[in-house]
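Trainee: Could you take me closely through one part of this model, and then work outward from there to the other places that deserve a careful look? I would like one connected account rather than a list.

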Amino acid sequence: MGPSPATTGFQAPMSGGLNSESFLRAIRTTAARLAEHNDAASKGQGPVVQLASTEAISAELRLEHWLTNGMTEDDLDMFLAAYLGRAARLHHPGSVAHQVAVPDVPSAVAELVHGTTNNPMAIFEMGPAAATIELYVVDWMLEKIGWATGPDQPSAGVLTHGGSLANLTALLAARGTMAPDAWHHGVDDGLVVLAPPSCHYSITRAVGIMGLGADAVHPLPVDDREVVDPAGAARALDSLAASGLRPVALVANAPSTATGLHDPLRELGRICAERQVWFHVDAAHGAGVLTSETLRGLLDGIDLADSVTWDAHKTLRTAGLAAAVLLRDGRGFNAAFQHDASYLFYEDQTEGIDLIHRTVECTKAELGLKTYLNLAWRGEAALSRYIGDRYAGATTLFEMVTGRDGFSTPFPPQSNIVCFRYGTDNDVQIAIRRALLTKGDFHLSSAEVKGQRYLRATLMSPHTDQGTFIALLDAVEAAGRTSAVPREG
Ligand SMILES: *Cc1c(COP(=O)(O)O)cnc(C)c1O
């Protein structure tokens, strides 16, 4: 027989815990490294990102060595220097690829607090402050949408680890409401979800995960910018009934990830309401403009939604992950998750609210804290201005592109996302993106619109300015000229 737990002895506490000098030194070391890193990145020093093989990076970071030998604070400093050397620098002005938040001071502070306290607050008693802040942030979002809050408010929400989970949760609420038996008995054939062809892949995934079959996603008719055509959407809904199919939900983009363009929410909301179809607005990227009186019109009609997805870790400058799923009628959460776990779910008269009833996740991070601190640190108005500036920057970049020989754009931007290209060859756009990434001055993404490949710039960094745009377009042109090798035949 092996040793019983009793005979191994109860160990004394490990030395150097979170209240020790070693903790403070590790934090100071880390803070100093990060400050230096972000300062250089903000000034455009160093590559936006430098790729290498996982073998090379693993050797550079000495992963095997540290695991075997442990680390001192000095080792940590060396490790961080190597780590940050291979980090993507989101504060860099040339970082214009993805819709990922460029963290502000409180974002980092909140992660430190969470990493130290680790309050899994989906159970109120495991983080009363964190849970209270989450509810406050959720109410703030509900009000921004235009839904009433207060003691008897019908609307409700919860923060999730990302927009993909928020979309899944929203569609589960839709399924639970439109087909309540599905939770216990599985889904019948004939349930479908209507969504724009350009919807985020997490929508199709959610439909696959829910067992409807990914083919149950019916593409909504769109115009030549891939924006949903409302009259076509109405016809699509009306023809479903004739073929014996039942819509679980209709999804709209606010805006589309690829193009940054907004679907007509008010018209779609009205069409769904008339037909009693669940209307889900995927505003993962765009909901931040609800803080702005001048830009919130982009989301006109969002209050007609049954559910909304909102990523704080995009334009609200919160580090990944913090997203929200918001329901106009909070009873949708009960429809979404119809079960019990005896050690967590029982009738009890305690304080607070257990948010665990509303989520896919069991353990959940302090997502409200990092979202809230970002709003509070500079104030809501300043955050709103930050978003407005990024959106205005997109118009400036668009105007510079349209005035330049050899460049074209498929449409004017409606957000901080700009699609453009040099020449007309699809492969050349991919070659340009690759060349820029290898050189390290700019990180662009790319998107396909109606079968044509475009470069795609997403303006997130507060350090990206008009000078960056000029240098970017010069670099694209130079790379485009060398990539445009004449084809044979
Ligand atoms: C980013 C995005 C998502 C996915 O959100 P994650 O937080 O990355 O999971 C979903 N929908 C849209 C429209 C998005 O832009």
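Mentor: Let us begin with Asn416, bearing in mind throughout that this is a predicted model. Leaving out residues up to four places away in sequence, Asn416 touches His285, Thr315, Arg390, Tyr391, Ala394, Ala457, Thr458, Leu459 and Met460. One of these neighbours is also a polar partner, for the side chain of Asn416 makes a polar contact with the side chain of His285 at 2.7 Å. As for its place in the chain, Asn416 sits in the loop between strand 9 (407–408) and strand 10 (417–422). Is this loop residue buried or exposed? Its relative accessibility is 1%, and because burial is assigned under 20%, Asn416 counts as buried.

Thr160 can be read in a similar way, although it belongs to a strand, namely strand 2 (residues 156–160). With a relative accessibility of 1%, Thr160 counts as buried. The side chain of Thr160 reaches a backbone atom, the oxygen of Gly162, at 2.8 Å. If neighbours within four places in sequence are set aside, the residues in contact with Thr160 are Leu165, Ala166, Ala322, Ala323, Val325, Glu361 and Leu367.

From Thr160 we can turn to a peptide bond that merits inspection, the one from Gly320 to Leu321, which is cis, with omega near 0 degrees. Leu321 is in the loop between strand 7 (307–311) and strand 8 (323–327), and Ala323 and Val325, which are among the contacts of Thr160, fall within the range 323–327 given for strand 8. Another cis peptide bond joins Ala254 and Pro255, where omega is about -5 degrees. Pro255 is placed in the loop between strand 5 (246–253) and helix 12 (265–275).

Backbone geometry also draws attention to Gln276, which has a positive phi of about 55 degrees although it is not a glycine. Gln276 is located in the loop between helix 12 and strand 6 (279–282), and at 68% relative accessibility it counts as exposed. Asn118, likewise a residue other than glycine, has a positive phi, near 45 degrees. Asn118 is found in the loop between helix 6 (105–117) and helix 7 (128–145).

Helix 6 brings us to helix packing. Two packed helices are described by the angle between their axes and by the distance between those axes. Helix 6 and helix 14 (residues 367–378) pack at an angle of about 150 degrees, and their axes are 8 Å apart. The crossing in which helix 6 passes helix 14 is right-handed. On the helix 6 side the contact is made by Val105, Pro106, Ser107, Ala110, Glu111 and Val113, and on the helix 14 side by Leu369, Lys370, Leu373, Asn374 and Trp377. Sorted by character, the residues of this contact between helix 6 and helix 14 comprise 7 nonpolar, 2 polar and 2 charged.

A further pair is formed by helix 16 (residues 426–439) and helix 17 (residues 466–483), whose axes come within 9 Å and cross at roughly 120 degrees. How are these two helices oriented to each other? Angles of 65 to 115 degrees count as roughly perpendicular and those over 145 as roughly antiparallel, and helix 16 and helix 17 are therefore oblique to each other. Helix 16 passes helix 17 in a crossing that is right-handed. Helix 16 contributes Val428, Ala431, Ile432, Ala435 and Leu436 to the contact, while helix 17 contributes Leu472, Ala475, Val476, Ala479, Gly480 and Ser483. The residues of the contact of helix 16 with helix 17 divide into 9 nonpolar and 2 polar, with no charged residue.

Close to the start of helix 16 in the contact list of another residue, we meet Gln452, which is in contact with Arg421, Thr424, Asn426 and Ala447 once its neighbours within four places in sequence are left aside. Gln452 lies in strand 12 (residues 452–458) and counts as partly exposed, at 30% relative accessibility. The C-alpha atoms of Gln452 and Asp425 are separated by 8.5 Å, although these residues are 27 residues apart along the chain.

Finally, Ile209, in helix 10 (residues 201–209), is exposed, with a relative accessible area of 61%. The C-alpha atom of Ile209 is separated by 31 Å from that of Leu290, and these two residues are 81 residues apart along the chain.

Notes
Residues numbered from 1 in each chain as written. Predicted model: local features only at pLDDT ≥ 70, side-chain atom pairs only at ≥ 80, totals over all residues. Heavy atoms only, no water. Axes fitted to C-alpha atoms, helices over the stretch in contact; angles between N-to-C directions. Helix = DSSP H or I, 4+ residues; strand = E, 2+ residues; numbered from the N terminus. Parallel < 35°, antiparallel > 145°, perpendicular 65-115°, else oblique. Left-handed = near helix turned anticlockwise from the far one by under 90°. Contact = heavy atoms within 4.5 Å. Nonpolar A, V, L, I, M, F, W, Y, C, P; charged D, E, K, R; others polar. Buried < 20%, exposed > 50% of the residue type's maximum accessible area, 1.4 Å probe, protein only. Polar contact = N/O pair within 3.5 Å; in protein donor to acceptor, adjacent residues only side chain to side chain.
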